[in-house]
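Me: I would like a close look at a single part of this model, with the reasoning spelled out for someone in a first year of study. Please take the sheet of one chain and then follow it outward to the place where the two chains meet.

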Amino acid sequence: MSPASDAVISRILKSHESDLLDDWIREQMSGFRSTSRIREPELRSQSSEFLSLLQQATQSGNVTDVLAPPYGRVRDALNDLSRSRGIQGFSPSETAMFVFSLKRPLFARIRKDLAGDAEGLAVATWAATELLDRLGLYTTEVYQKSREEVIARQQQELLELSTPVVKLWDGILALPMIGTLDSARTQVVMESLLQRIVETGAEVAIIDITGVPTVDTLTAQHLLKTVTAARLMGADCIISGIRPQIAQTIVHLGVDLADVVTKATLADAFRRALEMTGQRDKLRTRA
Amino acid sequence: MDRIPILKLRNLLLVTIQVDMHDRLALQLQDELTQRINETGARGVLIDISALDIVDSFIGRMIANIAAMARVLDADTVVVGMQPAVAITLVELGLTLPGVRTALNVDRGMALLETNADAPTDSNEANARFSD
């Protein structure tokens, strides 16, 4: 890239800053299908901040490497912008259009500035395209990253929400499982159940799988692992809430649940648990 | 040199593992415990591993072996106080300790052994009735 073309971009950004800004904002406002999501003053302040930062950055003579130190503040501004637009529900292309829509006004200025110099015009246009493309791609990347962060956080929250261990009676815990069981979730479920067994000194734990839509070999294996781990710690497990279809699946899969106490409903399992802890009579007197 | 104490409580032996279990220590425990069962004629062995928070496959197998040896010497073994992390590790290693009985704490373990101590008398009665 010749120094001359770099200087052109920097010079145009500097000398035409205010009318460039007006054109750019017009361009952006026409690009939005619904203008209600962002107000013009807000857009104007974002745009003018970006333009002045970009102008400062291009003064360094570098118009290709947007990851270089002179572009640090430009990148920060774009980070803030894509994050806030991501939260406001803008689409990725709407977010990237912030940068891409600068092309038309900027190219118009370059054309006017280098009217007689075809060679210089081509070089400067290419340099400007490259610069804006990279900034646009960077914006999309940040947008994507912020969306992924949101997804990761939601997954974490879901994981925490979905594993309550409830105390049903003295020495009896229940674990109502809801949703599909994958390895990560089962690990959390297992850990929280075992931890509660230690805390409460419970002798019996009921694992209720009424809310588990399907059981495959992996799920069954996870269940058996949980039961075995609880047994190693000295607590007995009962699996309840096995629906007819799931019972059929378990047998068809050849999963061996022979060593585990299984009950059709949570009520049956609870009755059995009271018997196991020798509290059956206590319940009757209270009732 | 670390040593794992073996305490005699009436007709039970209590082994409390308070130090990091390493391989030589496990082998030494195996030796001493079988010796003590033989000397004292203990009917039950309680192995308290509540202070143990790291196990490997060797230690897991040692626990299973010690329990099996005690059974051969006619003493019931109960492993008590296993930590959640240890239980998960053993399950992931595929060491489910079949035949080893477990309890949440020493108290429960003793209760378990006491109810079991009654059991032989039942079977003696049954045998007596059978011989009649």
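Reply: Two strands are said to pair if DSSP finds at least two bridges between them. With that in mind, and remembering that this is a predicted model, we can begin with strand β3 (residues 44–48) of chain B and strand β4 (residues 76–80) of chain B, which run parallel and are joined by five bridges. One of the positions along this pairing can be named, since B:Leu46 has B:Val78 in β4(B) as its bridge partner.

These two strands belong to an open sheet of five strands in chain B, whose order is β1-β2-β3-β4-β5 and whose pairing is mixed. At the edges stand β1 (6–9) and β5 (101–103) of chain B, and because each has a single partner strand, one side of each is left without a neighbour in the sheet. From one strand to the next, the twist averages 25°.

Helices accompany the sheet, for chain B as a whole has four helices and five strands, arranged along the sequence in the pattern β-β-α-β-α-β-α-β-α. Among these helices is α2 (residues 57–72) of chain B, which lies across β3 and β4 of chain B and runs at about 155° to β4(B). Of the 132 residues of chain B, 36% count as buried, and of the contacts in this chain between residues at least 6 apart in sequence, 78% join residues at least 24 apart.

Another helix of chain B leads us to the other chain: the axes of α3 (residues 84–92) of chain B and α8(A) come within 9 Å and cross at roughly 135°. Angles over 145 degrees would count as roughly antiparallel, and 65 to 115 as roughly perpendicular, and α8(A) and α3(B) are therefore oblique to each other. Their crossing is right-handed. On the side of α8(A), the contact is made by A:Met190, A:Glu191, A:Leu194, A:Gln195 and A:Val198, while α3(B) brings B:Pro84, B:Ala87 and B:Ile88. Sorted by class, the residues in this contact of α8(A) with α3(B) are six nonpolar, one polar and one charged.

Looking at the meeting of the two chains as a whole, the contact takes 14 residues from chain A and 13 residues from chain B. On the side of chain A that touches chain B, α8 (183–200) and α9 (217–232) of chain A each supply at least two residues, and the residues of that side divide into seven nonpolar, four polar and three charged.

Terms used
Residues numbered from 1 in each chain as written. Chains lettered and ligands numbered in written order. Predicted model: local features only at pLDDT ≥ 70, side-chain atom pairs only at ≥ 80, totals over all residues. Contact = placed C-beta atoms within 7 Å. Nonpolar A, V, L, I, M, F, W, Y, C, P; charged D, E, K, R; others polar. Axes fitted to C-alpha atoms, helices over the stretch in contact; angles between N-to-C directions. Parallel < 35°, antiparallel > 145°, perpendicular 65-115°, else oblique. Left-handed = near helix turned anticlockwise from the far one by under 90°. Buried ≥ 20, exposed ≤ 12 C-beta atoms within 10 Å, placed from the backbone.
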